[in-house]
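Welcome! Here is a short set of questions and answers to help you find your way around.

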Amino acid sequence: MRKGELARALSFKRVIARIVMVVEQAIPRAFPPLGILLTFAAIAWFGLFRAMPFWLHAFILAASGILFLAFLVPLARLRLPGNAEADRMLEERNGLKHQAIGVQDDVPATEGAFGQALWLEHQNRMARMIGSLQTGLPRPDIARHDRYALRAVPVLLVCVAFAFSYSNRGGSLMDAFRLPEAAAVQSDIRIDAWVTPPAYTGKAPIFLTGRDNTPDGVLTIPQFSEVTVRVVSDEAMPVTFREKDSVDAIAIPSQEADAAKKMPEQAKNAAATQQAAAKPALPGSQTHLYKINRDGALSVGGQTWAFTIIPDAVPEIAFDGIPKTTVNAALEIAFAARDDYGIQDAWAEIKPLDDAADGARPLYPLPEYRLDLPKRNAREAKGLTSRNLSEHPLSGKRVRITLVARDAAGQEGRSVPQDMILPARQFFEPLAGAVAEERQVFALDANALPRAIDLNDAVTALAEETIPNLTHFLLMKSARSRMALARNDDMLRDAADHLWEIALGIEDGDLALADQRLREAQQKLSEALDRNASDQEIAKLMQELRDAMKEYMDALAKQAMKNPRMANNPERDNMVSQRDLQKMMDQIENLAKSGAKDQARQMLSEMQRMMNNLQAGRPQQGQQGQDNSEMRQQMDKLGKLMQDQQKLMEETFRNDQALRDRMQRGDPLDGEDQELFDQDMPPQPGQQPDQNAGQPDPMDQMTEEQLKQALKDLKSRQEALSKQLGELQKGLEGMGIKPGKGFGEAGREMKGASGALGDGEGERAVGNQGRALQALRDGAQDMMNQMQGQGQGQGPGIPQYGQNGRDPLGRRQQNAGPDFGDQVKVPDEIDTQRAREILEEIRRRLGTNSSPELEKRYLERLLDIR
């Protein structure tokens, strides 16, 4: 190593060694002032400064400062080591002998050439040992200065104090520099405040204390959020809320104060004594609750939080169509509702429109009609509910129906009211109708009881002629006795219920009682699902529903068989069976047990609607039966017209395809060529032999001109169908049904198809015919909607239920008239063009000699070549 390089390396090693030696001297001397700082922080975090008197507080503060400065003096007296000390430290830590570092600067005492050469060789040997010098880390030897390890005490104290500072009694470093009076005031005060949004919003609570302020200083919270302030203090602290644009602040009382006001004086003294005995030295704790409805600011102990609320909108609800009457006089209401956080409950409010007599005293409250929500707390709800209110005395009277929706906050939204006549049960037995009228008279006004008794006497006056059944006569007399002996409203309601049971028994016998028990079982199950009843209770109610359903279906079958017209109805196979109902009830029970209460409630509602649309097959009145017969004839005509149009379109397509094939192939094959062609193309494996083998297709023998003429001959058939459509429209107008736009469009497309056939343009004719067929289906659907709106869409024994043409069991309804092919898509002009392009591509590949034999056979099967 050269001398210059050696000098630079040695100088660097000496600097590092001198730094290590300074650190070794400073570390033992830094422990005393560092211990003072840690002990001072521990005293502050333990909260001792808050409890100290002024003199002690000042003494500790001054003593800590003096001691800290005193222990800094040894650090200021640190002596920087010299090169000689650095050399000795390097030689000791690297185990160098013969003063390998110091010899580099020494000069030999002897002179002479041999002595100089010997000294130079010695320096070189020592220089090679210097190249690998290591200073190592500082070795302060703390144990020699602190034999008892007292340095660990301040560290442990400050760690425990730091953890304690987060407790209720913990202090802070600023307590050491505060006045003792201020620290004493805040020593026993703790404020916790948070805002809890309503549960239905799904938002998490917001903690106010111990959080960073928002950028604008305002918190946005949902309306009706509840703020909670908990104050732990020896003295009462005011909690106020000032609403926006308000001068006066609202004082929020504590729960304890409110409870004390409501508590009797004796109990108040006993509670105070017990509390003093249990916690004599603990500060008081008060909880303040306030529901925020408007923008404002909360103030507690000098702290203020401003709030901006998100308004909770009022629910919206409306009728989704006009309320309808089902077969058995149930009221069916379709509705649509929405809310920003979800709808809690919905119902229909029904009030009479006719003015009641002065002093009228109705025996029954207004009817209750709860709407079935598809899902609880849904933001948007759309459903259909069916309830039988025919038993209520208001049935048959003019009423006003208003839909009401309520959200979880208790806000109610109302719909535009609808006026109608509340559906009433139709009694075909005159005696049953008279008994029901008698009951309605005094049920709507108990003061009209004498008139009801007079009606009973009038009916039973000529019992031999009007009441052939002795049991019915005795029941009428029994009901009169109950009315005459009634002394209060409860006895009058009992008499009214008895009269209703008599009317149902006269009209339907056992069927009426079975129907009543079935509705009661459905109502109990619905209420159990609403309150999330246990599985055991659900199973018990389901068994009651099954028993009531079996009893009702048996009674319904007996009643239906008494009517020959219903017994001979060919469509009775499409009626719902007891097995189907059993499947629905099993599904309801399984859904309820699995926790899907909303789905179970929805399926129960579907079953109720289905049962409300069942009827016992009682003969309809003559005019209604005649209207249904005429309507059925028009539906059959429309169905036949659509079938004829479909066949004509298929025939037009075949003729046009044959014409195009003839224009590509040229003249038709003669008999011998056709026979040779058939022999060369034997049936493929797995293919059935053609029954018409040897019998050529007539179109294959027709020339191009003959095929064009065949297309033109179809024009007369198309014009005949257009004429039939016009007659059908006139017939519908005569029945009060306005033909829809679909029929008008179908007529125009038929005329276009006739013109195309006259010109021999088969492709254009097929497009017009396809559009005409689709327009006919649209017109048929519009006609069915009008029939259902007028109440003509349901014939004897035909239940109308379900949606999109399917019943609640998912079956296609086959008893709602002829099949118009709504589920079949008619190919339009684009589809036929695409099919023609595919056929031409298949023929092109089949005529290519380079195609493999397997591919040729596949293409031949696609073209049905035998």
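The expected span of a helix is 1.5 Å times one less than its number of residues. Helices (H or I, at least four residues) and strands (E, at least two) are DSSP runs, numbered from the N terminus. This is a predicted model, in which local features need pLDDT of at least 70 and side-chain atom pairs count only at pLDDT 80 or more, while totals for chains, interfaces and linings use all residues. Residues are numbered from 1 along each chain as its sequence is written, and side-chain values use heavy atoms, with hydrogens and water left out.

Q: How far does H24 reach from its first C-alpha to its last?
A: Helix H24 has 18 residues. At 1.5 Å a residue, a span of 26 Å is expected, and the model comes close to that. From first C-alpha to last, H24 reaches 26 Å.

Q: Which residue with a positive phi follows H24?
A: Look just past the end of helix H24 (741–758). The residue there has a phi near 75 degrees, and it is Gly760.

Q: Which helices each supply at least two residues of the largest nonpolar core?
A: A nonpolar core is a set of buried Ala, Val, Leu, Ile, Met, Phe, Trp, Tyr and Cys residues joined through side-chain atoms within 4.5 Å; buried means under 20% relative accessible area, exposed over 50%, and partly exposed in between (1.4 Å probe, protein chains only). The largest such core has 32 residues, and Leu638, Leu725 and Leu776 are among those with the most contacts inside it. The helices that each supply at least two of its residues are H21 (622–665), H23 (704–734), H24 (741–758) and H25 (762–789).

Q: Is Gln769 buried or exposed?
A: Gln769 lies in helix H25. Its contacts (heavy atoms within 4.5 Å) include Gln645, Thr652, Gln718 and Leu757, not counting residues up to four places away in sequence. Because its relative accessibility is 0%, Gln769 counts as buried.

Q: What kind of aromatic pair do Phe162 and Tyr166 form?
A: Rings of Phe, Tyr and Trp (its six-membered ring) pair if their centres lie within 6.5 Å; planes under 30 degrees apart count as stacked, over 60 as edge-to-face and the rest as tilted. By this rule there are ten aromatic pairs. For Phe162 and Tyr166, the centres are 5.7 Å apart and the planes meet at 85 degrees, which makes the pair edge-to-face.

Q: How many residues apart in sequence are the parts tied together by Phe241 and Tyr290?
A: Phe241 and Tyr290 form a tilted pair, 5.1 Å centre to centre with 35 degrees between the planes, and both residues are buried. Phe241 lies in strand S5 (residues 239–243) and Tyr290 in strand S7 (residues 284–292), so the parts tied together are 49 residues apart.

Q: Which residue of S12 does Glu316 stand opposite?
A: Strand S10 runs antiparallel to strand S12 (residues 331–352), and four bridges join them; two strands pair if DSSP finds at least two bridges between them. In S10, Ile317 and Phe319 point to one face and are buried, while Glu316 and Ala318 point to the other and are not. Opposite Glu316 in S12 stands Arg338.

Q: Where in the chain is confidence lowest?
A: pLDDT is the predictor's confidence in each residue, from 0 to 100, and the chain has a mean of 76. Strand S10 (residues 316–319) has the highest confidence, at 94. Where pLDDT is low, the predicted coordinates should not be read in detail. The lowest mean, 45, belongs to helix H22 (residues 671–680).
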